[in-house]
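User: Could you take me through one part of this structure slowly, as if I were new to all this? I'd like to know what that part is made of and what sits around it.

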Amino acid sequence: MRYAVLFWEYIKNYAKTRLTYRADFWIEVASDLLFQFVNLIFILVVFQHTPSLGGWSELEVVFVYGFFMIPYGLFSTFFGIWNFSERYIVKGEMDRVLTRPAHSLFQVLFENIDPPSMVGSIVGAGIMAYCWTQMGLPFHLTDLLLMLVLVVGATLIYGGLYTALNAVSFYSDAPTGIVPLMYNIQNYGRYPVNIYNKLIRFVLTWLLPFAFVGVIPASYFLEKKSDDLSQLALLTPVMGLIVFGLGLAFWNHGVKKYRGAGS
Amino acid sequence: MMSAYLDFIRIRFLMMLAYRVNYYSGIIIYAINIGAYYFLWQAIYGEQESLAGFTVPQMTTYIAVSWMARAFYFNNLDREIANEIRDGSVAVQLIRPYNYLFVKMMQGFGEGLFRLLLFMVPGLLIVCLIFPVQLPADPVVWLLYLVMLLFSFLINSQINILTGLFAFFVENNEGMMRMKRVMVDLFSGVVVPIAFFPGWLKSTMEWLPFQAITYLPSSVFTGRTPLGEAGGVLGLQVFWFLLLLLPIWLTWRAARKRLFVQGG
């Protein structure tokens, strides 16, 4: 309950700071969407030169991308701490956070909450709905419920991974270059993982489970493929809880080890 | 005076050297990145031997060299400049007896030098061991590519500086910087070679500086662009480098007039 009140306060605070930089809000929405469109352009450009990608049609790949945009938008809204290492560790703001009674991760996340990213989720849902009707897939109301569960699971996977990545800054005093580079790797979970070799597929499925953010849950709604990824789809929420749990544990352990920047 | 600027290169290089551990992970992750695109393109080619003028081995080489070139020319000058404007420290920079933008460029070059020696070169070696990359046999190509790489760096840094300077006008240009990064990656040809774009987009790209960052030099490196045309490519890079000086100069002039430091 106390966290709900705090959450509301953070939102109000966010709105106040944002109203100061009004133009910037729209630029951010536009840049988020542009980023997504660039990836869509990649898919569209590629399919001008080939009819299928590892047995997946253009509409299916776009569908997967649309699905991916939903958890990605939610993730960016609630876990968008891209400059954690610089702002909280190097500049020492973590000290301020730790003097307060609320959980440190909660504070850090909500100080950086970013609602404009949610627009991406809405666009993604739109893209998915479009592909859904174009492919003439059957639609049941239970699909919506399942979708919700899968989306939450996928968001937790993302959140857990990035929480763990940011927590690395507690252990190594140098600002790590891992986060921006990880940002590149995540792109591969959006494509059918069967095009990669066994090692990469294994990494994307079980070690850095980005496949669970896009292609695996999305495949549940598509026609069955020979390698049948959709069997794994229902594991998404389980993976979400595991990954987020590990991320949180890693963070908590890191906070204990944290000794301040000394400035 | 020049030696002062050279010192900025040296200091940034040493600073990067202190944080070199970060870049070991970078090499691995770039290699993974290249690998993922390698498989993606293998799947795209399927049975086809050549697409948009690229054969399969040429495409593999293109991906490897383009990503490793990005490892070299990439920098955060835009962010550095924007941060200094936002936290007000740019005011101190302005009263110092040097050209702020030139200093930034030098610092970027120091970082680039570090990235070239400790990131791009070892990275390319590792990638060549893992993937069937075909390096050019002709030393002229190598030499030419090295010069082109310098211009890739210059043009990319110019675009970064220009983006960073916008912080003078909008106070918070985070969105713009992100937009720029995405656009540079797509339009410079790291993700998809420009030749794959549909006709209208391809012809638009020919009028923009981005292709001079990755696509043109990498095409020469892979041998898709014959050596005879390489001179024209280099000329185009020089042209863009000179042309981009103009908007930077204009923005810089306008920016200094309207600088207002919030706190600081």
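Analyst: Let's look at helix 11 of chain B, whose buried residues are Tyr215(B), Leu216(B), Pro217(B), Ser218(B), Ser219(B), Val220(B), Phe221(B) and Thr222(B). "Buried" means that 20 or more other C-beta atoms lie within 10 Å of a residue's own; with 12 or fewer it is exposed, in between it is partly exposed, and the C-beta atoms are placed from the backbone. A "helix" is a DSSP run of H or I of at least four residues, a strand is a run of E of at least two, and both are numbered from the N terminus.

Before going on, a word on what you're looking at: this is a predicted model, where local features need pLDDT of at least 70, side-chain atom pairs count only at pLDDT 80 or more, and totals for chains, interfaces and linings use all residues. Residues are numbered from 1 along each chain as its sequence is written, while chains are lettered from A and ligands numbered from 1 in the order in which they are written. pLDDT is the predictor's confidence in each residue, from 0 to 100; chain B averages 90, and 98% of its residues score at least 70. The model as a whole scores ipTM 0.76 and pTM 0.81.

Back to our helix. Helix 11 of chain B is mostly covered, with 8 of its 8 residues buried. What does the covering? Helix 3 (56-73), helix 7 and helix 12 of chain B are included. Right after helix 11 of chain B comes Gly223(B), with a positive phi near 90°.

One neighbour from helix 3 of chain B is worth meeting: Gln58(B) lies in that helix. Leaving aside residues within four places in sequence, Gln58(B) is in contact with Thr222(B), Gly223(B) and Arg224(B); contact means that the C-beta atoms, placed from the backbone, lie within 7 Å. Gln58(B) counts as partly exposed because it has 19 C-beta neighbours inside 10 Å. By contrast with those contacts, Asp7(B) is 51 residues from Gln58(B) in sequence and 40 Å away in space, C-alpha to C-alpha.

Now for helix 12 of chain B, which covers residues 227-258. At 1.5 Å a residue, its 32 residues should span 46 Å, and the end C-alpha atoms are 48 Å apart, which agrees. (The expected span is 1.5 Å times one less than the number of residues.) In helix 12 of chain B, Ala230(B), Val233(B), Gln237(B) and Trp240(B) are buried. An α-helix has 3.6 residues a turn, so residues three or four places apart point the same way. The cover over the buried residues of helix 12 of chain B includes helix 7 (139-165) and, once more, helix 11 (215-222) of chain B.

UniProt adds a label here: its unreviewed entry gives "transmembrane region" for several stretches of chain B, among them 113-135 and 230-252. Those positions use the numbering here, the feature names are shortened, and annotations may be inferred rather than shown by experiment. In the model, residues 230-252 of chain B are 100% helix and 0% strand, with end C-alpha atoms 33 Å apart. Residues 113-135 of chain B are 78% helix and 0% strand, and there the ends are 22 Å apart.

Note on methods:
Two residues are in contact if their C-beta atoms, placed from the backbone, lie within 7 Å.
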